[in-house]
Amino acid sequence: MEYKNLSNGQKILFNDRKTPLTVEEVEDDRVLVAGPSGGEYELYKDEGTLLVCKPGNRRYASYCKDLRDVGEWNREGDTW
């Protein structure tokens, strides 16, 4: 999945994350995502490589691997 194709509100996973993160903001050069416990991350490309870091802290970025859309479960009564 290409990170530029993400949209606000979309649920994603990457690397070894097990809990979906929510896309908060899509900009020209970065995508901001938020975790369920308040963690925030910035996804961006540098020389063709997808990286992830804390917002504004690109100096300590790491590789972003296996970016994927996971959707969301919705409960309606007793069914999901």
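This is a short walk through the fold, the core and a charged network of the structure above. The model is predicted, so local features need pLDDT of at least 70 and side-chain atom pairs count only at pLDDT 80 or more, while totals for chains, interfaces and linings use all residues. Residues are numbered from 1 along each chain as its sequence is written, and side-chain values use heavy atoms, with hydrogens and water left out.

Let's start with the overall layout. The protein has zero helices and seven strands, where helices (H or I, at least four residues) and strands (E, at least two) are DSSP runs numbered from the N terminus. Along the principal axes, its C-alpha atoms fill a box of roughly 45 × 25 × 20 Å. Of the 80 residues, 30% count as buried; buried means under 20% relative accessible area, exposed over 50%, and partly exposed in between (1.4 Å probe, protein chains only).

Now step inside. The largest nonpolar core, a set of buried Ala, Val, Leu, Ile, Met, Phe, Trp, Tyr and Cys residues joined through side-chain atoms within 4.5 Å, has 14 residues. Those with the most contacts inside this core are Leu-6, Ile-12, Phe-14, Val-33, Leu-43 and Leu-67. The strands β2 (21-26), β3 (31-34), β4 (40-46) and β5 (49-53) each supply at least two core residues. Leu-43 makes a good vantage point: not counting residues up to four places away in sequence, its contacts (heavy atoms within 4.5 Å) include Leu-6, Phe-14, Val-33, Leu-51 and Leu-67. Arg-30 is also among the residues that Leu-43 touches, and it leads us to the charges.

The structure holds five salt bridges, each a side-chain nitrogen of Lys or Arg within 4 Å of a carboxyl oxygen of Asp or Glu. Arg-30 meets Glu-27 in one of them, at 2.8 Å from N to O. Both partners are partly exposed, Arg-30 at 21% relative accessibility and Glu-27 at 26%. Arg-30 also pairs with Glu-42, at 3.6 Å from N to O. Because Glu-42 lies in strand β4 and Arg-30 in the loop between β2 and β3, this pair ties together parts that are twelve residues apart in sequence.

Is Glu-42 buried or exposed? Glu-42 is buried, with a relative accessible area of 2%. Its side chain also meets that of Arg-58 in a salt bridge of 2.7 Å, N to O. Arg-58 sits in the loop between β5 and β6 (62-63), so its pairing with Glu-42 in β4 links parts 16 residues apart in sequence. Through shared partners, these salt bridges join Glu-27, Arg-30, Glu-42 and Arg-58 into one network.
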